[in-house]
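Me: I'm new to reading protein structures. Could you walk me through this one?

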Amino acid sequence: MKRKHIRKHPNLYRIYSFFRWKRCCKCGQEFRRERGWRCLDVPIRGHCYTEYYLCRTCAPDYETANKYFLNRDWSLPLNPEPPQSCS
Ligand SMILES: [Zn+2]
């Protein structure tokens with residue numbers, strides 16, 4: 001039996017943001033009351049983590065969101081501001 005190994009991001013969640021606006025790190029637009037993706041970038045040392053969000057327009061399915069977060073394609077020109085961080 002064979003299968004193609006798919007690397008999965010360990011901290012990728014599907015979210016539904018009801019109250020707070022989340023900024024998509026690809027298109028830069030904020031979304032609320034819409035489904036989206038949340039990714040936690042947890043460093044090996046330290047407690048601080050960075051949160052990234054993707055809207056459903058940029059990542060309509062899990063595979064797209066997973067690929068985007070794994071490749072860490074943050075430095076797109078569409079996103080002039082750095083993503084939210086707890087520091
Ligand atoms: Zn987007």
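Me: How many bridges join β4 to β5?

Reply: Happy to help, and please keep in mind that this is a predicted model. The strands β4 and β5 run antiparallel. One bridge pair is Gly36, with Cys55 as its partner in β5. The number of bridges joining β4 to β5 is six.

Me: Which residue in β4 does Ile15 stand opposite?

Reply: Look at β1 and β4, which pair in the antiparallel sense over six bridges. Ile15 faces a β4 residue that also has Cys55 as its bridge partner in β5. That residue is Gly36.

Me: Why are Ala65, Tyr68 and Phe69 on the same side of α1?

Reply: These residues of helix α1, which spans residues 62-71, are buried. The face turned away from the buried side carries the exposed residues Glu63 and Asn71. The buried three share a side because the arc they cover around the axis is only 95 degrees.

Me: Which strands do the buried residues of α1 pack against?

Reply: Start with Ala65, one of the buried residues of α1. Ala65 touches Leu12, Trp37, Leu54 and Ala59, leaving out residues up to four places away in sequence. For the buried residues of α1, the packing partners are β1, β4 and β5.

Me: Which element gives the most to the largest nonpolar core?

Reply: This core has 14 residues, and Trp37, Tyr53 and Ala65 are among those with the most contacts inside it. The elements giving two or more residues to the core are β4, β5 and α1. With four residues, the one that gives the most is β5.

Notes:
Residues numbered from 1 in each chain as written. Predicted model: local features only at pLDDT ≥ 70, side-chain atom pairs only at ≥ 80, totals over all residues. Buried ≥ 20, exposed ≤ 12 C-beta atoms within 10 Å, placed from the backbone. Arc of directions from axis to C-beta. Contact = placed C-beta atoms within 7 Å. Pairing = 2+ DSSP bridges. Core = buried A, V, L, I, M, F, W, Y, C linked by C-beta atoms within 7 Å.
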